[in-house]
Each structure stands twice: as C-alpha cells, then as structure tokens.
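Here are a few worked exercises to try with the model open beside you. Have a go at each task before reading its solution.

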Amino acid sequence: MPKDNGIGASPKRREDVRFLSGTGNYTDDIQVNGQAYVHFLRSDLAHAKINGINLDAALAMPGVIKIFTGTDFEGVGGIPCGWQVTDRHGEPMQEPAHPVLAQGKVRYVGDQIAAVVAETLEQARDAAEAIDVDLEELPAVVDMKAALADGATKVHDDLTSNLCYDWGFVEENKPAVDAAFEAAAHVTTLELRNNRLVANPMEPRVAIGDFNRATGDSTLYTTSQNPHVIRLLMGAFVLGIPEHKLRVVAPDVGGGFGTKIFHYAEEAFCTFAAKALNRAVKWTSTRSEAFISDAHGRDHVTKIELALDAENNFTAVRTDTHANMGAYLSTFAPSVPTWLHGTLMAGNYKTPLIYVNVKAVFTNTVPVDAYRGAGRPEATFQLERVVDKAARELGVDPIALRRQNFITEFPYATPVAVEYDTGDYHGTMDVLEKMADLSGFEARRKASEAKGKLRGFGVNCYIEACGIAPSNLVGQLGARAGLYESATVRVNATGGLVVMTGSHSHGQGHETSFPQVIAEMIGIDESMVEIVHGDTANTPMGMGTYGSRSIAVGGSAMVRATEKIIAKAKKIAAHLMEAADADIELKDGAFSVAGTDKSVAWGDVTLAAYVPHNYPLEDIEPGLEETAFYDPANFTYPSGAYACEVEVDPDTGKVTIEAFNAADDFGNIINPMIVDGQVHGGIGQGIGQALLENAAYDENGQLLSASYMDYAMPRASDVPFYGVDHSSQTPCTHNPLGVKGCGEAGAIGSPPAVINAVVDALRSGGHDIHHIDMPVSPSRVWQAMNG
Amino acid sequence: MYNFDFEKPSTIADAVSALGSEDAQALGGGQTLLPTMKQRLASPSKLVSLNGIAEMQGICTGDDGALCIGGATTHAAVAAGAGVYPGLAGLAAGIGDPAVRARGTIGGSLANNDPSACYPAGALASGATFVTNAREIAADDYFQGMFTTALDEGEILTEVRFPVPEASNYQKFEQPASRFALVGVFVAKYADGVRVAVTGASEEGVFRWTEAETALSGNFSADAIADMAPGADGMISDLHGTAAYRAHLVGVLTRRAVTAAG
C-alpha cells in the first residue's frame, strides 16, 4: 500500500493549481504604480568600438524619460564574477570589467549600448531606433583556438590575451599520468565538441526596479533562482546598497535551468534607474532578446584520452578542453569547466590517474555559464563516449568494460579531489539491464532492418556531484560565497506551520515535497505545512536553487529547524503532562509519556506556546519558531546507468529515439512522482542537446540560431515514453534525509547514451564511424554516412 | 510592432481600393506577416484583411472538375474539405500546427511564396490556375523565385483552381527547428503526364524537377527514378543541411511520394 502522506508519498503538486489555472504571480504580472518601461538598445555587431552615441533625436521622441549610456555608470560597480579560478601556475584568472552598459566597446551581439526609459514600452522601442550610434566594427573573435593564436584580436584590450585561465587538475599528477600513457597497452583517443545551448526557460527574464523616496529602500522584482544571491552581488558589488535597504523578490518563476542563477546587468540597471528617476522601471525580455542576453550553456571543445592495461583496466585519463566563456565572465562561469567538470572525470571508474587541462577563452559571444548539469554533462559525455569507443576498439562488450572498472568500495577518494560517500554502480546497471530488455535487442534490430532502418543500442553511466556544497571546500576552490542553506520553521498557535526557506522553487515542486518531510517528522498531515520562498524580506539568508541542492541542503536545513521545534515542543508537552523531557515521545502528531497512557495533541502544545498560561516560562521562552542554517559536509553523489535505443533512417539520416531507460540512485526519495518528473525533464533536455539544439555562431559572431525558426527545441513528439527507475538506493551518509538530489541527473546522463546508440546503429549498417558531434541532426548523420 | 490602420472589407472591389493607399498590405491569416511586424521588420501603414470577403472563402468543384479554393480559405478547411484531392488535403493537414492551420490561408501562403512553404509545391505540381481580381495566371508563370510571384502590387489572389490528378502525394522532410519543409516534394500524376514540384531546396524557390517528371511519365514507380537526384548547384546550404544533402533528399522524397501515391 503506497503511503498517502509524508516521505515516500506522491501527492499531486499543489503549486500546479495556480500554474495550470493562470493564477500564478510571475514577475511580469507585477505592476508597480507609476512604472516606466526600459528598452535596451543592443549591439548588432559582435565586436566594435563605440566612437559616439548621439541621443538628440531620441530624446525628443514622445514619452522618453531618460536615456542611459555607459557614461552614466562610470562611478558604478561592474557586474561581479562569483568565482575566482587559480591557474596552473598559481596565478589568478584574468577577470575583465563588466560594465552595466557598454563602455568604449561592444563585445557581443546583444551587448547593451543604451537603455531608453519611457512612459510606454513602444515609446522606448521607438526612441531606441532613433539613437545614432557610431560603431567602428572590429574583427570578431569566435573560434576558441583562433582566439588563443598569437596576434589574435583581443576581446578585452586591457587583458594580456583572450585566455581567462589555463587550469591543470591535478597539476602534480601530470607526470604520473603522462607516464601511465607511455606504459599503456592501449590508448583510445576522442575529439569532440559539447555543443553550445540556450536554456530557453518558458518564462523570459523580467526585472522591475522600485525605489521608495521616503524610506530610501530599493526593491528589485526579478526572475531569479536565488534572490539572496542577487541581493548580495548587486547590493555589495554593483550599486553599493546595504542589504537592509534592498529587497529582492523572485515570485513565481517559470523555469530556470541555471540561466536564472546569475546576476544580470538588466537587474542592476532597473534598480539603479528606479532610484535615479524616483520611479519604478520595468524590463521584460522578448524571446529574441533572451537568445542574445541569457547566459548560454556548455560550449566545450575537448580531446580525451583513455589509457588501459592489457587486462582492459583503466589506468589513466587525460583531457584537454577549451571552454568558451563568451565576452564577459558571468556569475559562476569560471567554476563550470573546472570544479564542476574536472572533479567528475573519474566518473564511476577506479581510474587511478587523471589529469584535466582546461583553457577558458574569451570570445565575442554571449557569456556562457551553468546550464542544467553545468560541467558534469560535459565530463560525463566525453568520458562515456571514450569508454564506448575503447570497448569497440578492444572488441569487448561496453557494459562489461564498464563493470570491470566500476568503483565498488565506498567511501572512495578519487584522484580528482572528491570523495564519493556511497553508490552501487553494479546495482543500477543490474536494474538498467532488466529495464532495457537487452536480450530482446537483436530481435528488435532485425525488425528495424526489415523496415530498412538501422537500430542501435547505447548505454552509459554517470556520476555527479551535487547538493552544492560545503562552504569551506568551495571557498578553497575559489567561490566568493558560502553554499549553506537556511530555513525558518514557524509554528502557529493552532498548529499549522510555515517554512521560510532560501531554496527557491521555479518548477521543482518544493511547495509539495518540502511539507512531506515535516509532516513525516511530526506525524501530521502535509496540508498543515506551507512553504514560503522567493522574497528576501521574509526568508532567512539562503543561497538558492541550483546544483540539485534544494532537498539535500535546503531540506536538511528544514530538518534541523524542525528538530529544534520538536525539542522545544517536547519540553512544553512535558510540562503539560508533568513528566520529564526525556520521557516524551512524538508520534502521529501527539506527545505521550513513555510507558503511560498520558498524551497531549500537537495542537495543544502549539497553543500553549502562544497562550502560555500553563507554561514553563522560567525555563523556556514562549512561541514556537526556529531557524537553522545547514552547511553540508560533502557533495552528494547521485549516479545511474542509462540506455537508449535509436532507429536511424539511412536514406535521410533522421534519428528517432525508440526507447530510453534510466536507472538512477538518488538515495532516499521524498516524492517519487516529482522525482520521475525531474528525470523526465532532464532526459528531454539531454535528448534536445543530443539531437536538436545548437547555438551556432558564424565567423562574424552573428548567432545563426537566434530564434525558434533555427534553434530546435525538443518537443513531445521527439521523445519516447521513458522508463525511469530509482529503486536502487544507497542513501547519502552525511545529510539527515539520506537524499542526493535529482534535478540535473537526466540532463547529465542522457546525451552519451543517445550518441552511443547512434554510433552503434551506423556501425551496424557498415559505416566505420566512431563519433558524430552533437546535435546529431539528420544532415550530420547523412554526412557521416556518406563521407 | 508599429502602429497601422486596419480595414476588413467585405468585397474584393473594396479590398482592391483599400490596397491602393501607400504601403498598404493585404493580410491573410497573418502567420508570417504578424510575427514579422512584431519584430519590427515590416511596417505597413495599413493592413487590409481579406478574411471578411465571403466569395474568397471555401472550396467547390468547377465545371471542368477542378478543385477551386478561395484565397482566404484556411489550411484547416482545406485539410478537412479537399477530400477529392487527397495529396493536397494531406499537404494542408501537415502545415505548421493546429493554431497555424486554423488561421493561415492558402492565398496568404501562395502570395508570400516562402521558399520552404508547402503550398507552392502543391500548386506548381498541380499546374494550378491562380485567379486574381484582374486575371488568371498559370502556375508555371506564377512562381518567380524566393518570396517573389507574378502578382502585381495590390493584386489579390482570390482563388486557386487545382486540376485533380489521378494520383498524388506530398512528402515533407521537416527542418528540425521551424518544421517548415527542409525539402518537400509534391508528385501529381495526370492523364497527360506527371508533375513533380520541390519546395525548401532551391535558392530559386519552388521548382519542377523535370528530369523526374519525364521518367515518371513513362513509368510511375519509384524504380523509374531509383538513383536519381537533381544537381546540388543552386540548392540551399545552411545550418540544417548542405546543398548536397538537400539534393539527395529531393530524390528520396520523390521516390517516397510516388510509392505513397500508388
């Protein structure tokens, strides 16, 4: 009998009532009295010197309030970067200035030249067209390797080159790794590109700045995954507003996928302009703007080598990656190809020696930062592709080769600085093999061949580090922030609870799953618990939602706060029943004295806390409200094994996904339905990356796929019904819920399975192909088959 | 979107008159024009909607047996009502998505002549007659390259007359993002020969693949064009496919259309 309440139950998502009935409150739904509108004039050149901006005609246009340019921001801070990477030689990364509005140069198509504030949006747009900008076009730097060549045009004139950093990890391991390659019985090499993606959340970004002249308080309403982080970065580094005078509200947010983590110039602009004009200023991104102003994801070019001994044991991995930063450093950009990527290069395997080199490169393109998975999909893709290629070269079964090299003993310290606490990689692979009906594959392949189609099977494993992250560790790695999470649990007099959390929900279903945890702990119905998030004015300082951290870190903070509540409530109950604190037990929402039939209900205790007539006032304070901050001891390490079956039409090159199965180990599960949904969404995005999505620039730095006419998003008909299983569970050993996080797994684990399957299909048709770069569009597949 | 005037006349004569003003533009279903205006890439001073003109709506059969479709007839209406011409009904049923088919019109599509649109292939392969407020134009004279037709400024496409073939089929290979035709091939078999029209592939817009027509007119089977493909010269090459790939697809899709037409 499945549970209908608490941990392990699958109640329907309560937030969906408002999301699906048009009663949500998104940022663009907010209308501040007297708000003006801003339209940003964006560069249509990738790289140009601004020789002059003539505003005369534009200022004379109807409705124009003020037009801002870079000179208005000369005394204002730039957009900060939240992570400093130290390079192979111990030097800090090169970190260019990132002004709110362009100063002197524009550096990508989409860079903000001017901001027109007007009474209406149309008036702002009209006036922007009347601005006369004298741009002197400069050569665009687009290709990463060309950007690093001697004499290459520099994106930032005041930096020594376009190299942000040259990172080696672990640098001391390099000689031993090189020696292992010298001694290897077999070396498999693969060169590949991890395609650049545009996140495309359903809701484009919105920012509204507001200012109260009477109090001097600023408010920013914004589409953010982490309002406290925005308050800290914008307040402290850009505008110089102390936190008690700045409120950041991120109400209902329609999807983030990473791209709404970062602090963007538009947020700082609206907050700044509201104060300057004493008037609220609203910006709503169009979809077209989103393509050229939301941070992009991925965009790595990698060479990976795998060394094996004569028994097919992995002896070393060596990688060489160029990672595109775009024109400026977005908030967490430097961490993605380094600490979220290099640390995962052991994968699920006991490879003893690993060396990762990453060159981060500035180009005249949109800044690149975290996108669902962030670094871990890039690590997984290259590792699982090279293992597949090795199996093929050695003529061994790809699953057997993986199993032979699996880590089996935990905790396991990898040669790339992390320690996996738990896992059972054979266990998830066992589950996968059953789900994927391996024994039936040959019959299915024959059936496809009878239809003139090539059928392929691809498998891969993944490990990820999420539940981000221990503050002291990430501090050593260059993070300029802590990564704890917070919760305040407020019990009302009549027994209901409100939890104020720093974990933001923008589609994850926290409002449903978080109450399940508290309901389980107290033994009450989850409808008695309400979740409040998204407003710095009424939630404790929290770091927000990304890195699959909400239940592992935010949920743990909530558990700790609830433990404090229960401890205090037991004292009250002991007083009411005239018993010792230690004898009080809480079960099914009632307190009892062990070994007696004495009992008081949860509601009696909560009422006593607020109506303390009969209350131990000499020992404890009235009221029932507790706050906890939780800083994790380690990352969590979800893992899994995924399998994909494809059909390829050899006449057209079109790939169709016939089956996709995912066996994940997320540790303990709070709401299985929500976990299924997270995996479904992640796989959908992974299939999108593998088959469809491609943010492509031409040599002049123009984004070729800048709308849905050319940027292919996955649709329902592009994906199959997924098989999802998370019955293989090795609970996390260091957080109180034993949970690991599930938000990114699907996007991390699915692209290699798709490509492995496509390569398998093509090889079954006699094509000597080892790799096709993503997306494996019909045209690319046909090209590969036809030389 | 810039401001514009809007008129919705109920007769063709009034529509012609309304289109006489400077920078006026006819509006069919608006599936291309309105997004273009929202992007501020088009700025007509006046939109003249053709959707209020009763005589431009609907489907009937002419005295010569041709299927006559009013210029303001939606794709959904053609998909539902052109059953005597299954190839054409199938083409209409596959355009865009339900929302596009509910608003978009045959006249709008053919007047715009997008090089990746479906209808130009159907009309050219059918040897359709384009009826305007002023004259009749043969399909072979109508299409004059990407986004270019024989229509004069202010001339309204009021009706398209399709001779109904013995057998027909349209095969569309979708561009993965837009789901327009990366290549689309319409094959129509008439008593006096086979016509094959290709959309999506050529830099010159829709075209007849005469080499295949000749082969198929002698032997209407996929085998007759077994290894045939047009040359890659002049084919579109972009993010979604090279010229050689498009040329190859023309051959594949033509064979599939012939087989499906039966």
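**Exercise 1: around one valine**

Task: in this predicted model, find which residues Val116(A) is in contact with, leaving aside its neighbours within four places in sequence.

Solution: take C-beta atoms placed from the backbone and keep pairs within 7 Å. Then drop everything within four places of Val116(A) in sequence. You're left with Val38(A), His39(A), Leu41(A), Ala58(A), Val64(A), Ile67(A), Ala124(A), Ala127(A) and Ala128(A).

**Exercise 2: the core**

Task: say how many residues the largest nonpolar core has, and which have the most contacts inside it.

Solution: the count comes to 318 residues. Val116(A) turns up again among those with the most contacts, along with Val38(A), Val758(A) and Val198(B). Now split this core by element: helix H15 (residues 550-577) of chain A gives the most, with twelve residues.

**Exercise 3: two domains of chain A**

Task: work out how domain 2 and domain 3 of chain A meet.

Solution: start with the bounds, 31-138 + 202-255 + 260-293 for domain 2 and 300-469 + 634-785 for domain 3. Their C-alpha centres lie 36 Å apart. Next, the contact: 23 residues of domain 2 touch 23 residues of domain 3. On the domain 2 side, helix H8 (residues 287-293) of chain A has the largest share, three residues. Sort that side by class and you get 13 nonpolar, seven polar and three charged residues.

**Exercise 4: chain to chain**

Task: describe what chain B brings to its contact with chain A.

Solution: chain B puts in twelve residues, chain A 16. Helix H10 (residues 243-261) gives the most on the chain B side, with three residues. By class, that side has seven nonpolar, five polar and no charged residues.

Key: Residues numbered from 1 in each chain as written. Chains lettered and ligands numbered in written order. Predicted model: local features only at pLDDT ≥ 70, side-chain atom pairs only at ≥ 80, totals over all residues. Helix = DSSP H or I, 4+ residues; strand = E, 2+ residues; numbered from the N terminus. Nonpolar A, V, L, I, M, F, W, Y, C, P; charged D, E, K, R; others polar. Domains from an automatic or database assignment. Core = buried A, V, L, I, M, F, W, Y, C linked by C-beta atoms within 7 Å. Buried ≥ 20, exposed ≤ 12 C-beta atoms within 10 Å, placed from the backbone.
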